[in-house]
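Visitor: Before I use any of these labels in my own work, I would like to hear the reasoning behind them, term by term. Could you take me through the model in that way?

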Amino acid sequence: MKKYMIILLVSLILSSCADKQKEFSSITKGMTKEEVIQKVGEPTTKRDILVAEIWKYDLADRTIVFRNGEVYDIMTSTEARVDSIESSLKETGRDVKEKLRQTGDTLDSASRRLKEKIVGDSVKKN
C-alpha cells in the first residue's frame with residue numbers, strides 16, 4: 001500500500017510539472033504582461049533593467065524577458081544568466097568606448113590649446 005501511495009504522489013508531482021511546462025509552451029513572443037499572467041500567473045521575481053523587464057519563475061525554471069511591454073524572449077534560468085552576462089559585457093564595452101572617445105576629445109582639445117599657446121608665444125617673441 002505504501003508503495004502505491006509513493007507512486008501516486010510522484011505521479012501527481014510529475015503531472016503538475018508537465019502542466020507548468022505546457023503553460024509556458026503557450027507563451028509566445030509579442031504577448032503582453034497581462035496575457036502572460038493569465039497563462040502562468042505572477043512571477044517569483046520581477047526586475048527592471050535599462051531596456052527590459054525580467055520576470056523569473058523559479059518553480060518552472062523559466063525567465064521571461066519583456067521589452068516595450070511585450071514578451072521578447074523566454075529562457076531557462078541558465079540561458080537567462082548567460083544572456084544577462086552578455087548584455088552586461090556589451091553595455092560595459094559601450095561605456096568604455098564612450099569614455100575613451102571623451103578622453104580622446106579632451107586630449108585633442110588640450111593639444112590644440114597648447115599648440116596655440118606655443119605659436120602665440122613664438123609670435124610675441126618675434
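**Reasons behind the labels**

Guide: Let us start with S1 and S2, which are joined by a hairpin through four residues. Please keep in mind throughout that this is a predicted model.

Visitor: How do you know that strand S1 and strand S2 pair?

Guide: Two strands count as paired if DSSP finds at least two bridges between them. Strand S1 (residues 45-48) and strand S2 (residues 53-57) have four bridges in the antiparallel sense, so the criterion of at least two is met. One place to look is Asp 48, whose bridge partner in S2 is Glu 53.

Visitor: What makes strand S3 and strand S4 a pair?

Guide: Strand S3 (residues 62-67) and strand S4 (residues 70-76) are linked by six bridges, again in the antiparallel sense, and the cut-off is at least two; therefore they pair. Phe 66 stands opposite Val 71 in S4, while Arg 67 stands opposite Glu 70. Their hairpin has two residues between the strands, and Asn 68 takes a positive phi near 55° there.

Visitor: What makes S1 and S4 the edge strands?

Guide: The four strands form an open sheet in the order S1-S2-S3-S4, with antiparallel pairing. S1 and S4 each pair on one side only, and that makes them the edge strands. From one strand to the next, the twist averages 20°. Helix H2 lies across S2, S3 and S4, and runs at about 0° to S2.

Visitor: Why is Glu 53 called buried?

Guide: Buried means under 20% relative accessible area, and Glu 53 has 13%, so the residue qualifies as buried. Glu 53 has its place in strand S2. Leaving aside neighbours within four places in sequence, its contacts include Lys 33, Lys 46, Ile 64 and Phe 66.

Visitor: How do you know that the side chain of Glu 53 makes a polar contact with the side chain of Trp 55?

Guide: The pair of N or O atoms has to lie within 3.5 Å, and here the separation is 2.8 Å, so the distance condition is satisfied.

Visitor: What is the pattern along the sequence?

Guide: It is α-α-β-β-β-β-α, in keeping with three helices and four strands. Of the 126 residues, 17% count as buried. Residues 24 or more positions apart supply 29% of the contacts with a separation of 6 or more.

Visitor: Which elements have the lowest and the highest mean pLDDT?

Guide: Helix H1 (residues 2-25) has the lowest, at 56, and helix H2 (residues 33-40) the highest, at 93. Over residues 17-21 the pLDDT falls below 50, and this stretch has three contacts in the model beyond near neighbours in sequence. Where pLDDT is low, the predicted coordinates should not be read in detail. For the protein, the mean pLDDT is 78, and 69% of the residues reach 70 or more.

Terms used:
Residues are numbered from 1 along each chain as its sequence is written. This is a predicted model: local features need pLDDT of at least 70, side-chain atom pairs count only at pLDDT 80 or more; totals for chains, interfaces and linings use all residues. Side-chain values use heavy atoms; hydrogens and water are left out. pLDDT is the predictor's confidence in each residue, from 0 to 100. Contact means heavy atoms within 4.5 Å. Buried means under 20% relative accessible area, exposed over 50%, partly exposed in between (1.4 Å probe, protein chains only). A polar contact is a pair of N or O atoms within 3.5 Å; within protein, one must be able to donate a hydrogen and the other to accept it, and residues adjacent in sequence count only if both atoms are side-chain atoms. Axes are lines fitted to C-alpha atoms, for helices over the stretch in contact, and angles run from 0 to 180 degrees between N-to-C directions.
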